[in-house]
Amino acid sequence: MTDLTRRQALLLTLATGLPLVAGTGRARAQSAAQKVTVALDWTVNTNHIGLFVARDKGFYREAGLEVDILPYSDTGAGTLVANRVADFGINGTISLFTQKTAGADLKGVYAVVQSETGRVVFNAARSEIKSPRSLDGLIYGGFGSAWENALISTIIRHDGGKGNFETVTLGTSAYEALANGSVDFTLEVSTWEGVEAELKGVKQRSFVYADYGVPDEHTTLISSSEAYLQANPKPAAAFVQATRRGYQFAVDHPEDAAALLIAANKDALTNPALIEASLKALIDGHYLRSQSGAIGTMDPAKMDAIGDYLFASGILRDADGEVLAQRPDFQKYFSNSTLG
């Protein structure tokens, strides 16, 4: 191309408003961003903060990704991932294990929380409840999953009780039922419902699972499918690493992270004090980042321990609904490889 031709091409570009080469490159880079979807396990809360930080701080964009955070629906995140409706999803270790043993294509890739946030909770005024054995014969407000009864029975028996109690399945209405005395105890997430109760001045006492024979676990994970991970190794790693960057930012800059989460979900998160207090509880309790500094990493020993507990309790069933007769290799249920 002669100098005259170059000048004519430049003049034509300026006159028509067409982008210059550099601009075209940026446009192509943006259009080439890999689209990724991630499904939530519940209505938006502080467990999800790293996702929104990574999206709105541009961490995903810098990693070459365009991430769509799917709202919570009646279909669980694990089911959406296993059926390739979503590329990633937030779920619990227990739901990962129960779904995978039943044949779902799932694999854990990131530990949102490093240790158990759940607890057995009851009204502080119930002075007759002195230890878990006191729960024998009482009414439990439950959520309908198979592992709850095994969990509570373990806790009661570990304390010398029989493990017998009545269950009323209520879902999230269990908290209202607990407050008005319709049920005697329930389960709650200490860093969310527990924080909310404290802000409202509700006096509670609780039992921590790990104190009574139940192995500690990563309560909340991010999972993908083997099919997606094998077909998209680079985008998968880019997503997990950018997500960890989002959670790291939340730990290091909680005020900014909370503001981002609230701004992105104004209709759903109408109580800033709850968001800020919940995030503080997650950070101070070393849930998002462990005392050893681990963030995102799944502990193989911890995964094996909760898997063994579920297997021994008869919670894990195959695709035909039959209780597993042989212990699975739980190390195949997750991988830290995408963390880099």
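**Two mixed sheets and the helices that pack on them**

Helix α7 lies across β5 (118-123), β6, β7 and β8, running at about 105° to β8. Contact here means heavy atoms within 4.5 Å; axes are lines fitted to C-alpha atoms, for helices over the stretch in contact, and angles run from 0 to 180 degrees between N-to-C directions. Helices (H or I, at least four residues) and strands (E, at least two) are DSSP runs numbered from the N terminus. The model is predicted, so local features need pLDDT of at least 70 and side-chain atom pairs count only at pLDDT 80 or more, while totals for chains, interfaces and linings use all residues. Residues are numbered from 1 along each chain as its sequence is written, and side-chain values use heavy atoms, with hydrogens and water left out.

The sheet beneath α7 is a good place to start. Its five strands form an open sheet with mixed pairing, in the order β7-β6-β8-β5-β9, where two strands pair if DSSP finds at least two bridges between them. At the edges are β7 and β9 (204-208), each pairing on one side only. From one strand to the next, the twist averages 35°. Strands β6 (residues 139-142) and β7 (residues 166-169) run parallel and are joined by four bridges, with Tyr140 opposite Thr167 in β7. Between these two strands the chain passes through α7 (residues 146-158), giving a right-handed β-α-β crossover; right-handed means that, with the strands pointing away from the viewer, the path from the first strand over the helix to the second runs clockwise. Strand β6 also pairs in the parallel sense with β8 (residues 185-189), over two bridges, and here Tyr140 stands opposite Phe185.

A further open sheet, also of five strands and mixed pairing, has the order β2-β1-β3-β10-β4. Because β2 (65-70) and β4 (107-111) stand at its edges with a single partner strand each, one side of each is left without a neighbour in the sheet. Neighbouring strands are turned by 30° against each other on average, direction ignored. Six bridges link β1 (residues 34-39) to β2 in the parallel sense, and Val38 stands opposite Ile69 in β2. Helix α3 (residues 49-56) packs on this sheet, where it touches β1, β2, β3 (88-92) and β10 (220-224), and its direction makes about 140° with that of β2. Helix α6 (residues 93-101) lies across β3, β4 and β10, at about 105° to β3.

Helix α3 also packs against two other helices. With α11 (residues 233-252) the angle is about 105° and the axes are 7 Å apart, which means that α3 is roughly perpendicular to α11. Angles of 65 to 115 degrees count as roughly perpendicular, those under 35 as roughly parallel, those over 145 as roughly antiparallel and the rest as oblique. Ile49, Gly50, Leu51, Val53 and Ala54 of α3 meet Phe239, Ala242, Thr243, Gly246, Tyr247, Phe249 and Ala250 of α11. By class, this contact has nine nonpolar, three polar and no charged residues; Ala, Val, Leu, Ile, Met, Phe, Trp, Tyr, Cys and Pro count as nonpolar, Asp, Glu, Lys and Arg as charged, and the others, Gly among them, as polar.

With α12 (residues 254-264), α3 makes an angle of about 85°, the axes being 9 Å apart, so α3 is roughly perpendicular to α12. On the α3 side the contact involves Ile49, Phe52, Val53, Arg55 and Asp56, and on the α12 side Ala257, Ala258, Leu260, Leu261 and Ala264. These residues divide into eight nonpolar, no polar and two charged.
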